[in-house]
Amino acid sequence: MIDASIVREISEQHNEPEWMLKIRLNALELYNRLPEPRWLRGVEGLNLEDIILYKDPGVRPVSSWDELPEDVRRIYERLNLPEYEKEYLAGLSTALDSETVYSNVMKPLREKGVILEPMHEAVLNHPELVRRYFSRIFPPAEHRYSALHYALWSGGVFLYIPPGVKLDLPVEAFFYISTELEGQFEHSLIIADRGAEVHFIEGCSAPLFRKFSFHDGAVEIYAHEGAYVKFTTVQNWSKNIINFNNKRAIAEKNAFIEWVEGSIGAKTSIVYPSVVLRGEGARTTMNVFSIAHGPYVKDGGAKIFHVAPNTRSTVVSKGISADGGVNIYRGLIRINRGAKNAFSHVSCDSLLLDSESEASTYPHAQIDEPTAVFTHEATTVRFSEDQLFYLQSRGLSEEEAKGLAVLGFIQDILRGLPLEYASVLREVLNADFSKGVG
Amino acid sequence: MLRLDDIRKRAADVLPTTTYQPYGDSPTIRSYTRWELFEDAFSGDAWDRGKVIGAVPVDAIPSFSFDPSRSRALAHHFSKLPAIYTWDGSKELLLESGEGHTAQHILFCVRNDAKIYIRDVSRNSKSATLDILVRPGVSADISLLVSGSAPQYLHIRVHLGRESRFTSRLAVIGQDAHVHYEVFLNGERASTDISGGSIGGRSDVVTDVFAGSKSNRAFVRHLIFSSPGDFLAHRGVIRVERASSGAEVDMDSAFLTTGGLAVSVPQLEILTDDVVHAAHRSRDLSPDDEQVFYAQTRGLSSDAFLELYVKELLRSRVASLADAPEVQNAVKSFSESIQR
């Protein structure tokens, strides 16, 4: 049981209006009432009584790196974020523990009405806008940990793109957990108004702790008519983070949501990004990849709800299991009655690199519309001795060969990443697999 | 061996702590059976043995045949089981419901290659378990027709020895039918081929296959025909255990809907990298305009083509069961709904 006093304290600390406190308290009630999910793997050690549910980094949000205390600035400099912001980003927001500490957007975009603010500030500065969307896209009642998120949320970013504004460069939010046995519950809300376009990148990191930490974040995206939102995550938490993430987008008429969800780090990761295709002609593509390298559990997938006619969805999932890793794909395609001529194609492939690893796929289709077209295909393959022999005969070591197999397996998805991200990811994977697999 | 009194007592002991589906709370492996209807049916006291034509009553079962903790439906079933039968495969087996809730438990030990036809008709609620042991080197071929107008729980558990084979054809036409296959490929080179179709009404077919030895092969295909008001689901897992090697497994779950709900959840759990082939797919098989046009250019009206298409699609899954009068009537109704 989590006491309401903690929730009230978080709310008071941020001078929140009554309506936000009400959302928190209702969510807390749901959390205490909803059953613990029994199907999940890898959350056995999770005891919320052991963890700090709110950790104030002691830094007020600023919009210039120079205003940050030196020790905090160094964290981000080590991650090369200030440099990266200068070269590649239209805006950047960074969260440390339970609060957003830095937020900045390019001046010309500010002048066009783009808002990039810490979520807590947006609640106070733009209450009508936030209230219209907050918790309306991903409902607190979805499951026990989404309810927990809404009760305890703190930090995160609010991004609003006015009608017709197209951002040429991406906006990034970066989340960092600095201590063990800590809970991070950041909430991000992205609104692309009619005809707006944005690429939002989410990154995360934490040092390796002796004990675990817990991440239970949320991302809500609303794409209005004709808007385009590309959302890219490459989750690279350290290997003792238990990671839940509650992510959903709603696409109105002719809007397009492009989603790249990558999962490399974390001890256990449970993320099913979902899209509701609410308006006629709305579409989405979801590219999901996860790597369970070591005794870790990656439980991911994609969920699409076709509600309107002529909606289209494509899901491509790639899971790699090595060294005792467990990869699980849980997907859902729901095509409602009336979603005439809806089209959905799901492809999910798993690669097993040794006999200690596991791959499971649980795709779920609920089709209630006779004119819809739906296809799903899944295969599980292994890295065969023939392939290994061939690559070794070309001069590669076993580890290099396996690294190459991994990169080849997710090549299609890498193509969808920004160039600089794809090259960093390649380096991370090469380094990871060169240590030896199996 | 377990005698009937022991079975009832042991099942009653586990009943309070057993759920209908161990993982029923998962958002993607949720239950599609209205278990509350079964709970009502099981709670009555007047249980009937119904009619089991072609089998012989016995008073005990081997212990491997008794596992009530797998599902609350099984625990209920065993807790008041009125009789046990064995069957040697020499005659057609007909299962019929009696007055009140009917519970039937049939044991098969297949020692020689056998072709088995089972027709299961239920007017009242019913639970039946078919426990099949296929001896090494033997093949069992079972055609199963399930129809009825009341909640019906059918559990088919098959253990396969070395180089044995289990083939099943299933046709389900019913209201609130829950058919659950559990096939254990225990022996080397044991294989199974399960193929079926659900036509109309409300049914939930679960096909679970566990490959646990060398060079096992499993092929599962199921087809759903759902018209307005129907609610049909096919789910199932093929699990390749860590001890298995060289397995070849494939599941194909397809549907054709004219406005009813069709649910398809084909699942794979692969616990070893030593697999030759592991794949599944799920798709809708609605005929497209080009197919209809092609048939018309060959002199078939679109109505005649659609009827033929549905019939042959079903026949590809259920073979001769497509000729049963119940199945033909159901196909006719479905074809009419597609033509509309």
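## A question to start with

Which residue of β16(A) does A:Val271 stand opposite? Keep that one in your head while we look around; the answer comes in the part on strand β16. One thing to know before going on: this is a predicted model.

## How sure is the predictor?

Chain A averages a pLDDT of 90, with 99% of the residues scoring at least 70. Chain B also has a mean pLDDT of 90, and 97% of its residues reach 70 or more. For the complex, the predictor gives an ipTM of 0.85 and a pTM of 0.89.

Confidence isn't even along chain A, though. Among its elements, helix α12 (residues 419-434) has the lowest mean pLDDT, 73, while strand β14 (residues 274-277) of chain A has the highest, 98. A handy rule when you look around: where pLDDT is low, don't read the predicted coordinates in detail.

## Chain A as a whole

Chain A is built with 12 helices and 22 strands. Its C-alpha trace spans about 65 × 55 × 45 Å along the principal axes. A compact globule of 438 residues would have a radius of gyration near 22 Å, and chain A has 21 Å, so the two agree.

Buried residues make up 54% of the 438 residues in chain A. Take the contacts in chain A between residues at least 6 apart in sequence: 81% of them join residues at least 24 apart.

## Strand β16, covered on both faces

Now zoom in on strand β16 of chain A, residues 297-300. In a regular strand, side chains alternate between the two faces of the sheet. Here A:Val297 and A:Asp299 sit on one side, A:Lys298 and A:Gly300 sit on the other, and all of them are buried.

Strand β16(A) pairs with strand β13 (residues 268-271) of chain A in the parallel sense, over 4 bridges. That brings us back to the opening question: A:Val271 stands opposite A:Gly300. Strand β16(A) also runs parallel to β19(A), joined by 4 bridges, and in that pairing A:Val297 stands opposite A:Val326.

## A helix tucked inside, and a tyrosine that isn't

Helix α8 of chain A covers residues 144-152, and 8 of its 9 residues are buried, so the helix is largely enclosed by the rest of the structure. The buried ones run from A:Tyr145 and A:Ser146 through A:Ala147, A:Leu148, A:His149, A:Tyr150 and A:Ala151 to A:Leu152. What do they pack against? Their partners are α1 (4-13), α2 (18-33), β6 (183-184), β9 (213-223) and β11 (241-251) of chain A.

For contrast, look at A:Tyr88, which is found in helix α4 (residues 81-88) of chain A. A:Tyr88 has 16 C-beta neighbours inside 10 Å, so it counts as partly exposed; the buried label needs 20 or more. Leaving out residues up to four places away in sequence, A:Tyr88 touches A:Leu169, A:Pro170 and A:Glu420.

## The nonpolar core

The largest nonpolar core holds 235 residues, and A:Ile221, A:Ala223 and A:Val229 touch the most other members. The largest share of this core, 11 residues, comes from strand β13 (residues 165-185) of chain B. Back in chain A, the contacts of A:Ile221, not counting residues up to four places away in sequence, are A:Ile137, A:Ile190, A:Val229, A:Phe231, A:Ala249 and A:Ile257.

## Strands in chain B

Strand β13(B) runs parallel to β14(B), with 19 bridges joining the two; B:Phe166 stands opposite B:Thr192 in that pairing. Strand β14 of chain B covers residues 191-211, and 18 of its 21 residues are buried, so the strand is largely enclosed by the rest of the structure.

Strand β14(B) has further parallel partners: strand β15 (residues 217-226) of chain B, over 9 bridges, and strand β16 (residues 231-240) of chain B, over 8 bridges. B:Gly196 has B:His222 in β15(B) as its bridge partner, and B:Phe210 has B:Arg239 in β16(B).

## Where the two chains meet

The contact takes 34 residues from chain A and 32 residues from chain B. On the chain A side, the elements that give two or more residues are β19 (326-335), β20 (343-352), β21 (358-367) and β22 (373-382). The largest share, 10 residues, comes from β21(A). By type, the chain A side divides into 16 nonpolar, 11 polar and 7 charged residues.

There is strand pairing across the two chains as well: 5 bridges join β22(A) to strand β19 (residues 275-284) of chain B, and these strands run antiparallel. One of the pairs is A:Thr379 with its bridge partner B:Ala279.

Notes:
Residues are numbered from 1 along each chain as its sequence is written. Chains are lettered from A and ligands numbered from 1 in the order in which they are written. This is a predicted model: local features need pLDDT of at least 70, side-chain atom pairs count only at pLDDT 80 or more; totals for chains, interfaces and linings use all residues. The radius of gyration is taken over C-alpha atoms; the globule rule is 2.2 Å times the number of residues to the power 0.38. A residue is buried if 20 or more other C-beta atoms lie within 10 Å of its own, exposed if 12 or fewer, and partly exposed in between; C-beta atoms are placed from the backbone. Two residues are in contact if their C-beta atoms, placed from the backbone, lie within 7 Å. Ala, Val, Leu, Ile, Met, Phe, Trp, Tyr, Cys and Pro count as nonpolar, Asp, Glu, Lys and Arg as charged, and the others, Gly among them, as polar. Two strands pair if DSSP finds at least two bridges between them. pLDDT is the predictor's confidence in each residue, from 0 to 100. A nonpolar core is a set of buried Ala, Val, Leu, Ile, Met, Phe, Trp, Tyr and Cys residues joined through C-beta atoms within 7 Å.
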